[in-house]
Structure formats: structure tokens, C-alpha cells
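The following note is offered to a colleague who is meeting this structure for the first time. Please read the numbered points with the sequence and the model at hand.

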Amino acid sequence: MKSFDYTIKDEIGIHARPAGLLNKEAKKYSSTVTVARKDNGKSADVKKLMQLLALGIKCNDTIEVTVEGEDEEAAAVALEEFFKANL
């Protein structure tokens with residue numbers, strides 16, 4: 001299992017467009033990808049778009065991204081780069 005924390009810098013947070021791109025990126029890997037809010041502990045499977053949007057992640061919220069599965073190493077690196085570039 002790999003995990004990393006990230007503080008959202010996008011002024012709107014994780015809204016429909018970046019959530020869709022994140023969902024698409026996560027689906028490239030067989031590993032399970034979970035995002036959890038650090039403030040309230042709620043989490044969602046990134047591959048389930050509506051769950052991800054329901055978290056209501058805003059600018060300056062810190063999240064924990066957890067990747068677990070056979071390609072977790074590659075997925076964690078790629079997703080961390082995705083967050084830095086897009087959120």
C-alpha cells in the first residue's frame with residue numbers, strides 16, 4: 001500500500017472537470033485508489049466519480065490518497081504528479 005497527503009491548491013477544489021480527469025487517470029491502473037479528507041475522515045473510491053464529488057473537497061483541504069494493488073507503485077507516482085499538475 002502506498003499513500004501520500006496533498007493539499008488542494010485549485011481555487012474551486014475538486015469539481016466536475018478535474019474529478020473526471022482524476023477518475024480517468026485512476027482507471028489506467030488496476031490498483032484501488034481511495035481519497036480521504038483529513039478533516040472529517042470521509043473517503044471515496046476515485047474510480048467512482050459521484051463518490052469523489054460527494055466528498056466536497058475545497059481549496060486548502062488536505063486529503064490522503066491511498067493506492068493499493070499490483071501496480072500501486074506506478075499508480076501512486078502518476079497520481080501524485082497528476083495532483084501537482086492539476087489540483
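1. Asp5 belongs to strand S1, which spans residues 2-7. In this predicted model, Asp5 has a relative accessible area of 44% and is therefore partly exposed. Apart from neighbours within four places in sequence, Asp5 is in contact with Lys38, Thr62, Ile63 and Glu64. Ser30, by contrast, is 25 residues from Asp5 in sequence, and their C-alpha atoms are 21 Å apart.

2. Lys38, one of the contacts of Asp5, is situated in the loop between S2 and strand S3 (43-45). Its relative accessibility is 45%, so Lys38 counts as partly exposed. With residues up to four places away in sequence set aside, Lys38 touches Asp5, Thr62, Ile63 and Glu64. For the pair Lys38 and Thr62, a separation of 24 residues along the sequence goes with a C-alpha to C-alpha distance of 5.8 Å.

3. Val35 is a residue of strand S2. Is Val35 buried or exposed? Its relative accessibility is 0%, and Val35 therefore counts as buried. Not counting residues up to four places away in sequence, Val35 touches Lys42, Ser43, Ala44, Val46, Leu52, Leu55, Ile57, Ile63, Glu64 and Val65. Phe4 lies 31 residues from Val35 along the chain, and the C-alpha atoms of the two are separated by 9.9 Å.

4. Thr66 is placed in strand S4, residues 62-68. With a relative accessible area of 18%, Thr66 is buried, because the cut-off for that class is under 20%. Once neighbours within four places in sequence are left aside, the contacts of Thr66 are Met1, Lys2, Ser3, Thr32, Val33 and Thr34.

5. Asn60 occupies a position in the loop between H2 and S4. The backbone deserves a remark here: phi of Asn60 is near 75°, a positive value in a residue other than glycine. Asn60 is exposed, with a relative accessible area of 58%.

6. Helix H1 covers residues 16-26, and its buried residues are Pro18, Ala19, Leu22, Asn23, Glu25 and Ala26. Viewed down the axis of H1, these residues fall within an arc of 160°, so they line one face of the helix. An α-helix has 3.6 residues a turn, so residues three or four places apart point the same way. On the face of H1 turned away from the buried side are the exposed residues Ala16, Arg17 and Lys24.

7. What covers the buried residues of H1? The cover includes strand S2 (32-37), helix H2 (49-54) and helix H3 (72-86). The packing of H1 with H3 can be described further: the two helices meet at an angle of about 165°, and their axes are 10 Å apart. H1 is therefore roughly antiparallel to H3, and their crossing is right-handed.

8. The residues that make this contact are Pro18, Leu21, Leu22, Glu25 and Ala26 on the H1 side, together with Ala78, Leu79, Phe82 and Phe83 on the H3 side. Sorted by class, the contact of H1 with H3 has eight nonpolar residues, one charged residue and no polar residues. Pro18, Leu22, Glu25 and Ala26 of H1 also appear among the buried residues of that helix.

Notes. Residues are numbered from 1 along each chain as its sequence is written. This is a predicted model: local features need pLDDT of at least 70, side-chain atom pairs count only at pLDDT 80 or more; totals for chains, interfaces and linings use all residues. Side-chain values use heavy atoms; hydrogens and water are left out. Buried means under 20% relative accessible area, exposed over 50%, partly exposed in between (1.4 Å probe, protein chains only). Helices (H or I, at least four residues) and strands (E, at least two) are DSSP runs, numbered from the N terminus. The arc is that of the directions from the helix axis to the C-beta atoms. Contact means heavy atoms within 4.5 Å. Axes are lines fitted to C-alpha atoms, for helices over the stretch in contact, and angles run from 0 to 180 degrees between N-to-C directions. Angles under 35 degrees count as roughly parallel, over 145 as roughly antiparallel, 65 to 115 as roughly perpendicular and the rest as oblique. A crossing is left-handed if the near helix is turned anticlockwise from the far one by less than a right angle, and right-handed if clockwise. Ala, Val, Leu, Ile, Met, Phe, Trp, Tyr, Cys and Pro count as nonpolar, Asp, Glu, Lys and Arg as charged, and the others, Gly among them, as polar.
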